[in-house]
Amino acid sequence: MTWVDQLVVLAAGLGAGILTSTVGVASLLSFPVLVAVGLPPVVANTSNTVGMTPAGLSGSFGYRRELAEHPGATAAVLITAGGGSIAGALLLLWLPGSVFEAVVPWLILGTCVLVGVQPRLSRFLRQHAVDDEPRVRISGFTTVFATLTGAYGGYFGAGSGVMMMAVLGLGTDLEFRTVNALKTLAVMASNVVATVIFVAIADLDWRAVGLLAAGSVVGGYVGAHIGRRLPATVLRSLIVVVGIGAATLMIVR
(Lines give C-alpha, C1' and ligand atoms only; values in the text may rest on other atoms or scores of the structure.)
Protein backbone atom coordinates (compact mmCIF):
# COMPACT_ATOMS: atom_id res chain seq x y z
CA MET A 1 0.00 0.00 0.00
CA THR A 2 1.13 3.54 -0.75
CA TRP A 3 1.05 6.16 1.99
CA VAL A 4 -2.17 7.50 0.48
CA ASP A 5 -3.71 4.00 0.69
CA GLN A 6 -2.64 3.78 4.31
CA LEU A 7 -4.27 7.11 5.16
CA VAL A 8 -7.46 5.96 3.43
CA VAL A 9 -7.50 2.70 5.43
CA LEU A 10 -6.87 4.62 8.67
CA ALA A 11 -9.74 7.00 7.89
CA ALA A 12 -11.96 4.05 7.00
CA GLY A 13 -11.19 2.52 10.38
CA LEU A 14 -12.19 5.74 12.14
CA GLY A 15 -15.42 6.06 10.19
CA ALA A 16 -16.28 2.38 10.54
CA GLY A 17 -15.60 2.58 14.28
CA ILE A 18 -18.18 5.36 14.61
CA LEU A 19 -20.64 3.30 12.57
CA THR A 20 -20.07 0.28 14.82
CA SER A 21 -21.42 2.15 17.84
CA THR A 22 -24.20 3.98 16.01
CA VAL A 23 -25.87 2.61 12.88
CA GLY A 24 -24.18 -0.81 12.85
CA VAL A 25 -23.05 -1.21 9.22
CA ALA A 26 -19.32 -0.61 9.75
CA SER A 27 -17.96 -3.35 7.48
CA LEU A 28 -19.83 -1.90 4.52
CA LEU A 29 -17.37 1.00 4.75
CA SER A 30 -14.13 -0.68 5.78
CA PHE A 31 -14.32 -3.92 3.75
CA PRO A 32 -14.70 -2.26 0.30
CA VAL A 33 -11.80 0.08 1.13
CA LEU A 34 -9.51 -2.88 1.83
CA VAL A 35 -10.51 -4.50 -1.46
CA ALA A 36 -9.99 -1.19 -3.28
CA VAL A 37 -6.39 -0.87 -2.04
CA GLY A 38 -5.57 -4.30 -3.44
CA LEU A 39 -6.30 -6.96 -0.81
CA PRO A 40 -7.90 -10.22 -2.03
CA PRO A 41 -11.54 -10.47 -0.84
CA VAL A 42 -11.05 -13.25 1.74
CA VAL A 43 -7.89 -11.61 3.14
CA ALA A 44 -9.73 -8.28 3.21
CA ASN A 45 -12.62 -9.89 5.07
CA THR A 46 -10.48 -11.57 7.72
CA SER A 47 -8.23 -8.52 8.13
CA ASN A 48 -11.29 -6.30 8.42
CA THR A 49 -12.75 -8.43 11.21
CA VAL A 50 -9.50 -8.38 13.19
CA GLY A 51 -8.91 -4.67 12.59
CA MET A 52 -12.44 -3.69 13.61
CA THR A 53 -12.36 -5.59 16.90
CA PRO A 54 -10.99 -2.58 18.86
CA ALA A 55 -14.05 -0.57 17.75
CA GLY A 56 -16.34 -3.06 19.46
CA LEU A 57 -14.19 -3.06 22.58
CA SER A 58 -14.03 0.74 22.89
CA GLY A 59 -17.67 1.13 21.89
CA SER A 60 -18.79 -1.39 24.52
CA PHE A 61 -16.71 0.46 27.09
CA GLY A 62 -18.42 3.68 26.03
CA TYR A 63 -21.81 2.00 26.61
CA ARG A 64 -20.79 0.46 29.95
CA ARG A 65 -23.59 2.23 31.88
CA GLU A 66 -26.28 0.83 29.60
CA LEU A 67 -24.78 -2.66 29.66
CA ALA A 68 -24.62 -2.68 33.46
CA GLU A 69 -28.35 -1.95 33.72
CA HIS A 70 -29.28 -5.42 32.42
CA PRO A 71 -26.49 -7.88 33.27
CA GLY A 72 -28.60 -10.90 32.28
CA ALA A 73 -29.24 -9.60 28.78
CA THR A 74 -25.61 -8.51 28.50
CA ALA A 75 -24.36 -12.00 29.36
CA ALA A 76 -26.86 -13.61 26.97
CA VAL A 77 -25.76 -11.42 24.08
CA LEU A 78 -22.09 -12.14 24.79
CA ILE A 79 -22.67 -15.90 24.78
CA THR A 80 -24.99 -16.06 21.76
CA ALA A 81 -23.00 -13.68 19.54
CA GLY A 82 -19.66 -15.18 20.52
CA GLY A 83 -20.86 -18.77 20.20
CA GLY A 84 -22.50 -18.20 16.84
CA SER A 85 -19.40 -16.44 15.55
CA ILE A 86 -17.38 -19.67 15.85
CA ALA A 87 -19.55 -21.34 13.21
CA GLY A 88 -19.56 -18.24 11.01
CA ALA A 89 -15.78 -17.79 11.04
CA LEU A 90 -15.22 -21.43 10.13
CA LEU A 91 -17.78 -21.19 7.32
CA LEU A 92 -15.89 -18.21 5.89
CA LEU A 93 -12.74 -20.31 5.62
CA TRP A 94 -14.48 -23.44 4.31
CA LEU A 95 -17.17 -22.19 1.91
CA PRO A 96 -16.88 -20.18 -1.32
CA GLY A 97 -17.59 -16.49 -0.83
CA SER A 98 -20.44 -16.57 -3.35
CA VAL A 99 -22.62 -18.59 -0.96
CA PHE A 100 -23.55 -15.62 1.22
CA GLU A 101 -22.87 -12.77 -1.21
CA ALA A 102 -26.16 -13.38 -3.00
CA VAL A 103 -28.30 -13.11 0.15
CA VAL A 104 -26.37 -10.56 2.25
CA PRO A 105 -27.98 -7.40 0.77
CA TRP A 106 -31.47 -8.89 1.12
CA LEU A 107 -30.81 -9.83 4.72
CA ILE A 108 -29.72 -6.26 5.42
CA LEU A 109 -32.79 -4.83 3.66
CA GLY A 110 -35.09 -7.12 5.60
CA THR A 111 -33.58 -6.21 8.95
CA CYS A 112 -33.71 -2.49 8.12
CA VAL A 113 -37.44 -2.87 7.55
CA LEU A 114 -37.74 -4.66 10.90
CA VAL A 115 -35.85 -1.88 12.68
CA GLY A 116 -38.14 0.69 11.08
CA VAL A 117 -41.42 -1.03 12.00
CA GLN A 118 -40.20 -2.39 15.35
CA PRO A 119 -41.98 0.23 17.56
CA ARG A 120 -45.40 -0.54 16.05
CA LEU A 121 -44.75 -4.27 15.96
CA SER A 122 -43.57 -4.26 19.58
CA ARG A 123 -46.69 -2.38 20.64
CA PHE A 124 -48.83 -4.95 18.84
CA LEU A 125 -47.00 -7.81 20.56
CA ARG A 126 -47.38 -6.17 23.98
CA GLN A 127 -51.10 -5.59 23.42
CA HIS A 128 -51.63 -9.28 22.64
CA ALA A 129 -49.24 -10.66 25.24
CA VAL A 130 -50.57 -12.83 28.06
CA ASP A 131 -48.05 -11.34 30.50
CA ASP A 132 -48.06 -7.55 30.81
CA GLU A 133 -44.61 -7.44 32.41
CA PRO A 134 -41.90 -5.75 30.28
CA ARG A 135 -39.62 -8.26 28.54
CA VAL A 136 -36.14 -7.50 29.87
CA ARG A 137 -34.72 -11.02 29.58
CA ILE A 138 -33.61 -12.84 26.45
CA SER A 139 -36.15 -15.58 25.63
CA GLY A 140 -35.27 -18.92 24.06
CA PHE A 141 -36.74 -17.81 20.73
CA THR A 142 -34.69 -14.62 20.75
CA THR A 143 -31.59 -16.61 21.75
CA VAL A 144 -31.85 -18.72 18.60
CA PHE A 145 -31.98 -15.70 16.30
CA ALA A 146 -29.25 -13.88 18.25
CA THR A 147 -27.01 -16.93 17.77
CA LEU A 148 -27.74 -17.00 14.03
CA THR A 149 -26.91 -13.30 13.86
CA GLY A 150 -23.64 -14.01 15.66
CA ALA A 151 -22.86 -16.68 13.05
CA TYR A 152 -23.45 -14.16 10.28
CA GLY A 153 -21.22 -11.70 12.14
CA GLY A 154 -18.38 -14.22 12.18
CA TYR A 155 -18.84 -14.99 8.49
CA PHE A 156 -19.03 -11.52 6.98
CA GLY A 157 -20.50 -9.12 9.51
CA ALA A 158 -21.72 -6.31 7.26
CA GLY A 159 -25.07 -5.33 8.72
CA SER A 160 -24.86 -7.79 11.62
CA GLY A 161 -25.33 -4.91 14.06
CA VAL A 162 -28.57 -3.90 12.32
CA MET A 163 -29.72 -7.53 12.42
CA MET A 164 -29.00 -7.80 16.13
CA MET A 165 -30.92 -4.59 16.82
CA ALA A 166 -33.92 -6.03 14.96
CA VAL A 167 -33.70 -9.30 16.92
CA LEU A 168 -33.38 -7.59 20.30
CA GLY A 169 -35.90 -4.88 19.45
CA LEU A 170 -38.57 -7.46 18.67
CA GLY A 171 -37.59 -9.97 21.34
CA THR A 172 -37.37 -7.56 24.29
CA ASP A 173 -38.89 -4.34 25.61
CA LEU A 174 -35.54 -2.78 26.48
CA GLU A 175 -34.94 0.90 25.80
CA PHE A 176 -33.56 1.68 22.36
CA ARG A 177 -30.31 3.06 23.77
CA THR A 178 -29.82 -0.22 25.65
CA VAL A 179 -30.53 -2.24 22.52
CA ASN A 180 -27.94 -0.12 20.70
CA ALA A 181 -25.41 -0.84 23.44
CA LEU A 182 -26.16 -4.58 23.28
CA LYS A 183 -25.77 -4.45 19.50
CA THR A 184 -22.30 -2.95 19.89
CA LEU A 185 -21.44 -5.63 22.45
CA ALA A 186 -22.66 -8.34 20.06
CA VAL A 187 -20.45 -7.02 17.26
CA MET A 188 -17.52 -6.99 19.66
CA ALA A 189 -18.15 -10.57 20.82
CA SER A 190 -18.44 -11.85 17.24
CA ASN A 191 -15.26 -10.07 16.19
CA VAL A 192 -13.22 -11.20 19.20
CA VAL A 193 -14.08 -14.86 18.68
CA ALA A 194 -13.55 -14.67 14.92
CA THR A 195 -10.25 -12.85 15.49
CA VAL A 196 -8.91 -15.72 17.61
CA ILE A 197 -9.75 -18.15 14.82
CA PHE A 198 -8.43 -15.96 12.00
CA VAL A 199 -5.14 -15.22 13.78
CA ALA A 200 -4.61 -18.94 14.23
CA ILE A 201 -5.49 -20.28 10.77
CA ALA A 202 -6.28 -17.49 8.26
CA ASP A 203 -4.23 -15.20 6.03
CA LEU A 204 -4.11 -11.62 7.31
CA ASP A 205 -2.60 -8.36 6.11
CA TRP A 206 -1.17 -7.08 9.37
CA ARG A 207 -0.52 -3.57 8.09
CA ALA A 208 -4.19 -3.21 7.16
CA VAL A 209 -5.16 -4.71 10.52
CA GLY A 210 -3.00 -2.19 12.41
CA LEU A 211 -4.32 0.81 10.49
CA LEU A 212 -7.94 -0.24 10.89
CA ALA A 213 -7.41 -0.95 14.58
CA ALA A 214 -5.82 2.46 15.19
CA GLY A 215 -8.73 4.27 13.57
CA SER A 216 -11.52 2.03 14.85
CA VAL A 217 -10.57 2.15 18.54
CA VAL A 218 -11.08 5.93 18.49
CA GLY A 219 -14.17 5.76 16.30
CA GLY A 220 -15.88 3.13 18.44
CA TYR A 221 -15.60 5.20 21.62
CA VAL A 222 -16.67 8.42 19.88
CA GLY A 223 -19.59 6.60 18.27
CA ALA A 224 -20.85 5.40 21.66
CA HIS A 225 -21.13 8.98 22.88
CA ILE A 226 -22.89 9.99 19.66
CA GLY A 227 -25.28 7.04 19.83
CA ARG A 228 -26.19 7.75 23.45
CA ARG A 229 -27.12 11.35 22.73
CA LEU A 230 -29.08 10.87 19.52
CA PRO A 231 -32.86 10.61 20.00
CA ALA A 232 -34.16 7.09 19.36
CA THR A 233 -36.24 8.19 16.38
CA VAL A 234 -33.27 9.93 14.73
CA LEU A 235 -30.94 7.00 15.33
CA ARG A 236 -33.53 4.50 14.08
CA SER A 237 -34.06 6.59 10.93
CA LEU A 238 -30.31 6.77 10.30
CA ILE A 239 -29.99 3.01 10.70
CA VAL A 240 -32.76 2.38 8.18
CA VAL A 241 -31.50 4.93 5.64
CA VAL A 242 -27.85 3.88 5.83
CA GLY A 243 -28.70 0.18 5.83
CA ILE A 244 -30.98 0.43 2.79
CA GLY A 245 -28.41 2.52 0.94
CA ALA A 246 -25.63 0.07 1.68
CA ALA A 247 -27.73 -2.93 0.69
CA THR A 248 -28.73 -1.22 -2.57
CA LEU A 249 -25.09 -0.55 -3.42
CA MET A 250 -24.27 -4.22 -2.79
CA ILE A 251 -27.10 -5.31 -5.10
CA VAL A 252 -26.18 -3.07 -8.02
CA ARG A 253 -22.39 -3.37 -7.85
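## A helical chain and its contacts

At 16% relative accessibility, arginine 228 counts as buried, because the limit for a buried residue is under 20%. In this predicted model, arginine 228 is placed in helix α11, and a polar atom of its side chain lies 2.3 Å from the backbone oxygen of glycine 62. When neighbours within four places in sequence are left aside, the residues in contact with arginine 228 are Gly62, Tyr63, Arg65 and Glu66.

The chain to which this arginine belongs is built of 12 helices and has zero strands, so that a reading along the sequence gives the pattern α-α-α-α-α-α-α-α-α-α-α-α. Of its 253 residues, 52% count as buried, and its accessible surface comes to about 11,200 Å², with 71% of that area belonging to carbon and sulfur atoms. Among the contacts in the chain with a separation of 6 or more, 84% are accounted for by residues 24 or more positions apart.

Helix α11, which covers residues 206-229, also takes part in an aromatic pair. A search of the whole structure finds two aromatic pairs. In the pair of phenylalanine 61 and tyrosine 221, the ring centres are 6.1 Å apart and the planes stand at 25°, so the pair is stacked; the reasoning rests on the rule that planes under 30 degrees apart count as stacked. Because phenylalanine 61 lies in helix α3 (residues 41-62) and tyrosine 221 in helix α11, the pair ties together parts that are 160 residues apart in sequence. Phenylalanine 61 is partly exposed, with a relative accessible area of 46%, and tyrosine 221, at 31% relative accessibility, also counts as partly exposed. The ring of phenylalanine 61 has a further partner in arginine 64, which lies over its face at 4.1 Å from the ring centre.

Another arginine of helix α11 is arginine 207, which is partly exposed, with a relative accessible area of 42%. Leaving aside neighbours within four places in sequence, arginine 207 is in contact with Met1 and Gln6. The C-alpha atom of arginine 207 is separated by 9.8 Å from that of valine 9, although the two residues are 198 residues apart along the chain.

Helix α5, which covers residues 71-94, holds serine 85. Serine 85 has a relative accessible area of 0%, and it is therefore buried. A polar atom of the side chain of serine 85 lies 2.7 Å from the backbone oxygen of serine 190. Apart from neighbours within four places in sequence, the residues in contact with serine 85 are Gly150, Ala151, Gly154, Ser190, Val193 and Ala194. Alanine 87 lies in helix α5 as well, but this alanine is partly exposed, with a relative accessible area of 41%. Between alanine 87 and alanine 151, which are 64 residues apart in sequence, the distance in space is 5.7 Å from C-alpha to C-alpha. Alanine 151 thus appears in two descriptions, as a contact of serine 85 and as the residue whose C-alpha lies 5.7 Å from that of alanine 87.

Two helices can be described by their spans and by how much of them is covered. Helix α10 (residues 176-201) has 26 residues, which at 1.5 Å a residue should span 38 Å, and its end C-alpha atoms are 37 Å apart, which agrees with that expectation. Helix α10 is mostly covered, since 19 of its 26 residues are buried. Helix α9 (residues 160-171) has 12 residues and reaches 16 Å from its first C-alpha to its last, close to the 16 Å expected at 1.5 Å a residue. Helix α9 is also mostly covered, and here 12 of its 12 residues are buried; among them are Ser160, Gly161, Val162, Leu168 and Gly171, together with the three methionines Met163, Met164 and Met165.

Methionine 165, placed in helix α9, has 3% relative accessibility and so counts as buried. Methionine 165 and glycine 24 are 141 residues apart in sequence, yet their C-alpha atoms are 8.7 Å apart in space.

Notes. Residues are numbered from 1 along each chain as its sequence is written. This is a predicted model: local features need pLDDT of at least 70, side-chain atom pairs count only at pLDDT 80 or more; totals for chains, interfaces and linings use all residues. Side-chain values use heavy atoms; hydrogens and water are left out. Helices (H or I, at least four residues) and strands (E, at least two) are DSSP runs, numbered from the N terminus. Buried means under 20% relative accessible area, exposed over 50%, partly exposed in between (1.4 Å probe, protein chains only). Contact means heavy atoms within 4.5 Å. Accessible areas come from the Shrake-Rupley method with a 1.4 Å probe; for residues, only the protein chains shown count as cover. The expected span of a helix is 1.5 Å times one less than its number of residues. A polar contact is a pair of N or O atoms within 3.5 Å; within protein, one must be able to donate a hydrogen and the other to accept it, and residues adjacent in sequence count only if both atoms are side-chain atoms. Rings of Phe, Tyr and Trp (its six-membered ring) pair if their centres lie within 6.5 Å; planes under 30 degrees apart count as stacked, over 60 as edge-to-face and the rest as tilted. A charge sits over a ring if NZ of Lys or CZ of Arg is within 6 Å of the ring centre and within 35 degrees of the ring normal.
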